[in-house]
Amino acid sequence: MATEIIAGMLIGMMLGTISGLIPGIHANTMAGMLVAAEGGLLLILGAPAVGIALFSALVVHTFTDCVPSTFFGVPDADTAISVLPAHALCMQGRGEEAVRLSALGSAVSVVMVMPLFAVFMFFLPGLQPYIDWWLGIILVLVAGLLILSSESPEWSAAVFLLSGILGLFAFRYAWLISQTSGVSSVLMPLLTGLFGISVLLRASGGVMPAQVRSGPSIGGRSLAWHAGMGTVAGAVVGWLPGLSNATANALLSPLFRAGSEGKGYIIATSAANTSNAFLGLAALIALGRMRNGVMVVLDSIGMPSPLLILAGGVAAALCGFVITIVCGRGAQFLGGIPVRAMSYTVIGAVTLLAFLLTGYFGMVILVCATLVGIIPSLVNVRRVFCMGAVMLPVILFSLNIL
């Protein structure tokens, strides 16, 4: 049994690394690959090992997905907003520092999430009916505070509503996507257009600065504070129905939008992504609710022992931290590359990938999202309001309007 468990963990870590390093690929995609090979894997490794492979892939993905967003400015569904300060540090020659900050945020979150895991497992299920009822109202308040505290509330509201309408359209017709992963797939062109291509199209000339090898310049107390806030945000969206890592990043934005070159925000969003993975597992165990595609597959094959899969997730997190640090060292090879040429190359690659994953409907969403994503820079408001693409559909769903 031990050999099968270790093999499953290694397979999961490999898949999580691949999905994290390829822009636009989510751990759900790798879960789909495991499903395709499910019969053989279950026969060879058994259900517990396959379950640990799935969860390990999800955990490692939350570590490694910062690499393409930092160096190439292309987000996935989990790094949509954090791409902005991370890529900005890269353009200052400090890409490795941004990756290390992200890895530290995720690693600290693993430690902090364990007490929350126990609390959520044993105390929150009895409160779930009340939580479900208040969810939509809470999100309306959060969206209102984001807009009212902005530089230009009118334009911020317009961007929020416009992106929200696009999100409603994308989710409503997600079945038109040529692939089978539905809503999960539609996030790829939606968020890539809003937060990736729209930024890369406005890339300046010149060359990528030489990347300096340096550790993260942030104090231990500040690291703990930002990671703690991110862990709590990730825990909330990991438990509440209909929310995602992208929503957690939107909630964190007003707290860390200023100061320290966005380092605190990089830490907080990374911590939220990793925390969300662990608390999504708690929601599956305690409530039988599936927060992402990995949990759906995990539920379908039968949940292994909670302690076993949790231990596998912690071990995968340790390995994910090391893998991310090693990948961050690749920054030294980027110095001197023409920025505009690299941006256009990345745009072409991501567009091709979006077409392969989501077909012609995905291309329509990608183009529309890119056009909407350009608006904030034209009217001088923060790009975070493009998160209306995720938040508005969740609000309407929670209030039973949809």
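Biologist: Which helix does Val364 lie in?

Modeller: Val364 sits in helix α16, residues 339–379; helices here are DSSP runs (H or I, at least four residues), numbered from the N terminus. Mind that this is a predicted model, in which local features need pLDDT of at least 70 and side-chain atom pairs count only at pLDDT 80 or more, while totals for chains, interfaces and linings use all residues. Residues are numbered from 1 along each chain as its sequence is written, and side-chain values use heavy atoms, with hydrogens and water left out.

Biologist: Why is Val364 called partly exposed?

Modeller: Its relative accessibility is 43%, and partly exposed is what falls between buried (under 20%) and exposed (over 50%), with a 1.4 Å probe and protein chains only. Val364 also joins Phe169, Tyr173, Trp175 and Leu176 in a nonpolar surface patch with about 500 Å² of accessible area together.

Biologist: What kink is there in α16?

Modeller: A kink of about 130 degrees, centred on Thr358; the bend is the angle between axes fitted to the seven residues ending there and the seven starting there. The span fits that picture: α16 covers only 25 Å between its end C-alpha atoms, where a straight helix of 41 residues would span 60 Å. Expected span is 1.5 Å times one less than the number of residues. Helix α13, with 25 residues, reaches 35 Å, close to the 36 Å expected.

Biologist: What makes Glu96 and Arg100 a salt bridge?

Modeller: Their side chains come to 3.2 Å, N to O, and the rule asks for a Lys or Arg side-chain nitrogen within 4 Å of an Asp or Glu carboxyl oxygen, so the pair qualifies. The two are four residues apart in helix α7, which means about one helical turn. Arg100, at 19% relative accessibility, counts as buried.

Biologist: Which salt bridge involves Lys263?

Modeller: Lys263 meets Glu97 at 3.5 Å, N to O. That pair links helix α13 to helix α7, 166 residues apart. Arg94 also bridges to Glu97, at 2.9 Å. Shared partners join Arg94, Glu97 and Lys263 into one network.

Biologist: How many disulfides does a search of the whole structure find?

Modeller: Zero. The sulfur of Cys66 has that of Cys327 as its nearest cysteine sulfur, 8.6 Å away. A disulfide needs two cysteine sulfur atoms within 2.5 Å, so 8.6 Å is too far for a bond. Cys66 is buried at 5% relative accessibility, and Cys327 is partly exposed at 22%.

Terms used
Patch = residues over 30% accessible without salt bridge, like charges linked within 9 Å, V, L, I, M, F, W, Y side chains within 5 Å. Areas by Shrake-Rupley, 256 points an atom, 1.4 Å probe, with all protein chains shown as cover.
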